[in-house]
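Thanks for making the time this morning. I would like to walk you through one structure, going slowly from individual residues to the chain as a whole, so please have it open in front of you.

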Amino acid sequence: MSGNRVASALAVLAGIALYLALEIHSHPEMSAWLLALELFELVPIVLVCVGMARLFQVTRRQHDEQLALMRELDSARVQGQRWRAEARSLIDGLGATMRSQFERWNLSQAEREVALLLIKGLSLKEIALLRETSEATVRAQARSVYAKAGLAGRAGLSAFFLEDLLAPVGEVALPAPVQIVARKH
């Protein structure tokens with residue numbers, strides 16, 4: 001038993017002993033049988049008191065745990081906001097770099113949009129639906145993007161921008177984008 005539990009048990013026993021002593025003192029003619037009955041009547045009161053004390057302890061512990069969780073949540077929120085702020089500047093920088101590269105490749109506005117959606121992983125059909133144009137038009141714009149960029153296809157386009165971002169930690173990325181050449185069957 002912990003020190004608090006021993007002290008609580010001793011306090012309950014002392015309370016019972018004090019109650020019995022007061023009963024004996026106020027009713028000296030009381031028989032042992034009546035005294036035992038009085039003691040038995042105390043059992044529910046003692047159990048309720050012990051239960052209330054235990055409930056208070058559990059409630060206090062849960063409150064402390066809740067406060068600790070709230071502090072952890074606040075810390076996680078702050079870290080998340082910091083990460084988003086840092087990532088936002090990196091994403092904005094990547095976006096600016098991509099726009100500059102698109103300009104160097106002399107892509108039209110439509111080709112830039114198609115290139116960005118291809119890099120995001122959308123299919124030609126999805127791009128056509130999104131841009132409200134035909135799939136054939138999107139296919140032609142994609143071919144134009146690949147030709148102007150000197151890349152073999154979608155994988156090469158994505159690798160051009162993302163290869164260095166996705167390099168495993170501690171490993172050096174390839175110095176230039178790898179061109180993936182599609183085989184014709």
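Arginine 77 counts as partly exposed because its relative accessibility is 47%, where buried means under 20% relative accessible area, exposed means over 50%, and partly exposed is what lies in between, taken with a 1.4 Å probe and protein chains only. Its side chain meets that of aspartate 74 in a salt bridge, at 3.5 Å from N to O, the term being used for a side-chain nitrogen of Lys or Arg within 4 Å of a carboxyl oxygen of Asp or Glu. Aspartate 74, with a relative accessibility of 42%, is likewise counted as partly exposed. The two residues are 3 apart in helix α2, so about one helical turn separates them; helices here are DSSP runs of H or I with at least four residues, strands are runs of E with at least two, and both are numbered from the N terminus. As background, side chains of opposite charge can pair when their charged atoms come close.

Before I go on, a word on where this comes from. This is a predicted model, in which local features need pLDDT of at least 70 and side-chain atom pairs count only at pLDDT 80 or more, while totals for chains, interfaces and linings use all residues. Residues are numbered from 1 along each chain as its sequence is written, and side-chain values use heavy atoms, with hydrogens and water left out.

How many salt bridges does the rule give? The count comes to 7, and I will describe two more of them. Lysine 148 forms one with glutamate 111, with the closest N and O atoms 2.8 Å apart. Since lysine 148 lies in helix α5 and glutamate 111 in helix α3, this pair ties together parts that are 37 residues apart in sequence. Is glutamate 111 buried or exposed? At 8% relative accessibility glutamate 111 counts as buried, whereas lysine 148, at 38%, counts as partly exposed. If we leave aside residues up to four places away in sequence, glutamate 111 touches Asn106, Gln141, Ser144, Val145 and Lys148, a contact being heavy atoms within 4.5 Å.

The other bridge joins glutamate 113 to arginine 131, and its closest N and O atoms are 3.0 Å apart. This pair, too, links distant parts of the chain, with glutamate 113 in helix α3 and arginine 131 in helix α4 (residues 124-131), 18 residues apart. Glutamate 113 is partly exposed, at a relative accessible area of 34%, and arginine 131 also counts as partly exposed, at 22%.

Now to the packing of the helices. The axes of α3 and helix α5 (residues 135-149) come within 9 Å and cross at roughly 90°, where axes are lines fitted to C-alpha atoms, for helices over the stretch in contact, and angles run from 0 to 180 degrees between N-to-C directions. The two are therefore roughly perpendicular to each other, the word for angles of 65 to 115 degrees, with under 35 called roughly parallel, over 145 roughly antiparallel and the rest oblique. Helix α3 (residues 109-119) also meets helix α6 (residues 154-162), their axes coming within 9 Å and crossing at roughly 85°. That contact is made by Ala115, Leu118 and Ile119 of α3 and Arg154, Leu157, Ser158, Phe161 and Leu162 of α6.

Phe161 brings us back to helix α2, where glutamine 101 lies. Glutamine 101 counts as buried, at 11% relative accessibility, and touches Phe160 and Phe161, not counting residues up to four places away in sequence. Threonine 97 is also placed in helix α2, and its C-alpha atom is separated by 8.9 Å from that of phenylalanine 161, which is 64 residues away along the chain.

Finally, the chain as a whole. There are 6 helices and 0 strands, and buried residues make up 20% of the 185 residues. Among contacts between residues at least 6 apart in sequence, 48% join residues at least 24 apart. The chain exposes about 13,900 Å², of which carbon and sulfur atoms supply 64%; accessible areas come from the Shrake-Rupley method with a 1.4 Å probe, and for residues only the protein chains shown count as cover.
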